[in-house]
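Subject: Structure handover

Hello,

Here is the structure I promised to pass on. Please open it first, then read the notes below.

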Amino acid sequence: FRSWVWGQYELRYLNAPDELRGYNPLWVNAHHLKRGRLRRGGLTCGDVTFRTLYVDVAYLDAEALKVLLKLARQGFPICMKQRPLEPGRRPTRRYAAMLDQLLAQPSVAADFHPPGALRPYVTGDSLPDYWARRDGGDVYLFFAHPMAQGLAYPLAAGQSWTTATRHIPVTFHRGGKATPCTLTFQPYQSLLIRLRADGGVEPVDIT
């Protein structure tokens, strides 16, 4: 695992699947899901609201399974990419039955289908890594330089060297509007974009 983390449990050695590109998923565990509240179609856990859960694990403990089953029975959309096993040496008596019930719920599917109008703020064929933050009625999107994608150890000397300017066509989605735009990355330079509530797109100078 990566040298700056304490252990593999930090999950920083995993990358999200390609089908989730643009959605910028957050890790969440059963501890927080248990305390979450369903409101207006979203699952609110603290300051974060989830619109769907994407579960792709080889092992899932019984407590987490109970939480997922409860959410699914309330109609919350869950994508289960595989049938997990129960960890540990002492199996829970009803684990297999609960798992069968979860997978049989109408809101649970093996394929990822974003519910309703859920869509990323930005879409494109060669989408660079980005992060979004809402500030009042605006959304700010920070785009990392494309050469920062897929970094893995060991790093090679000079692997970030470049003199090229990169142009990446994308489409922004906000306020019911789809706005085509080209992201222009100078060498070693990231970008910050402001999306207004009315769908307007404004670059923010961070040079």
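Leaving aside its neighbours within four places in sequence, which residues is Val201 in contact with? Keep that in mind while I set the scene.

First, a caution: this is a predicted model.

**The chain overall**

The protein chain has 207 residues, and 33% of them are buried. It holds 3 helices and 13 strands. Its C-alpha trace spans about 60 × 45 × 25 Å along the principal axes. The accessible surface is about 13,600 Å². Carbon and sulfur atoms account for 52% of that surface. Take the contacts between residues at least 6 apart in sequence: 56% of them join residues at least 24 apart.

**Back to Val201**

Val201 sits in strand β13. Beyond the four places on either side in sequence, its contacts are Phe172, Thr179, Ile193, Arg194 and Leu195. Is Val201 buried or partly exposed? It is partly exposed, because its relative accessible area is 24% and the buried class stops under 20%. Ala132 is 69 residues away from Val201 along the chain. Their C-alpha atoms are separated by 14 Å.

**The sheet with β13**

Which strands share a sheet with β13? The sheet is open and has 4 strands, in the order β8-β9-β12-β13. The pairing is antiparallel. β8 (130-135) and β13 stand at the edges. Each has a single partner strand, so one side of each has no neighbour in the sheet. From one strand to the next, the twist averages 25°.

How many bridges join β12 to β13? There are 4, and the two strands run antiparallel. Arg194 has Glu202 of β13 as its bridge partner. Arg194 is also among the contacts of Val201.

As background, strands of a sheet pair through backbone hydrogen bonds, either parallel or antiparallel.

**Strands β7, β10 and β11**

Phe172, one of the contacts of Val201, leads to another set of strands. Phe172 is in β10, and Val122 stands opposite it. Strand β7 (residues 122-123) and strand β10 (residues 166-174) are joined by 2 bridges. They run antiparallel.

β10 also pairs with β11, again in the antiparallel sense, over 9 bridges. Arg174 stands opposite Lys177 in β11. The hairpin of β10 and β11 has 2 residues between the strands. In this hairpin, Gly175 takes a positive phi near 60°.

**Gln189 and Ile206**

Where does Gln189 lie? It is in the loop between β11 (177-185) and β12 (191-195). Gln189 counts as buried because its relative accessibility is 19%, and buried means under 20%. Outside its neighbours within four places in sequence, Gln189 is in contact with His145, Ile206 and Thr207.

Ile206 comes in the segment after β13 (201-204). Its relative accessibility is 36%, so Ile206 counts as partly exposed. Which residues make a nonpolar surface patch with Ile206? They are Phe142 and Val204. The patch covers about 220 Å².

**Where to start**

I would begin at Val201 in β13. Then follow its contacts, including Phe172 and Arg194. Finish at the patch made by Phe142, Val204 and Ile206.

Best wishes

Notes: Residues are numbered from 1 along each chain as its sequence is written. This is a predicted model: local features need pLDDT of at least 70, side-chain atom pairs count only at pLDDT 80 or more; totals for chains, interfaces and linings use all residues. Side-chain values use heavy atoms; hydrogens and water are left out. Patches are made of residues with over 30% relative accessible area and no salt bridge: like charges are joined within 9 Å, nonpolar side chains (Val, Leu, Ile, Met, Phe, Trp, Tyr) within 5 Å. Accessible areas come from the Shrake-Rupley method with a 1.4 Å probe; for residues, only the protein chains shown count as cover. A salt bridge is a side-chain nitrogen of Lys or Arg within 4 Å of a carboxyl oxygen of Asp or Glu. Buried means under 20% relative accessible area, exposed over 50%, partly exposed in between (1.4 Å probe, protein chains only). Contact means heavy atoms within 4.5 Å. Two strands pair if DSSP finds at least two bridges between them. Axes are lines fitted to C-alpha atoms, for helices over the stretch in contact, and angles run from 0 to 180 degrees between N-to-C directions.
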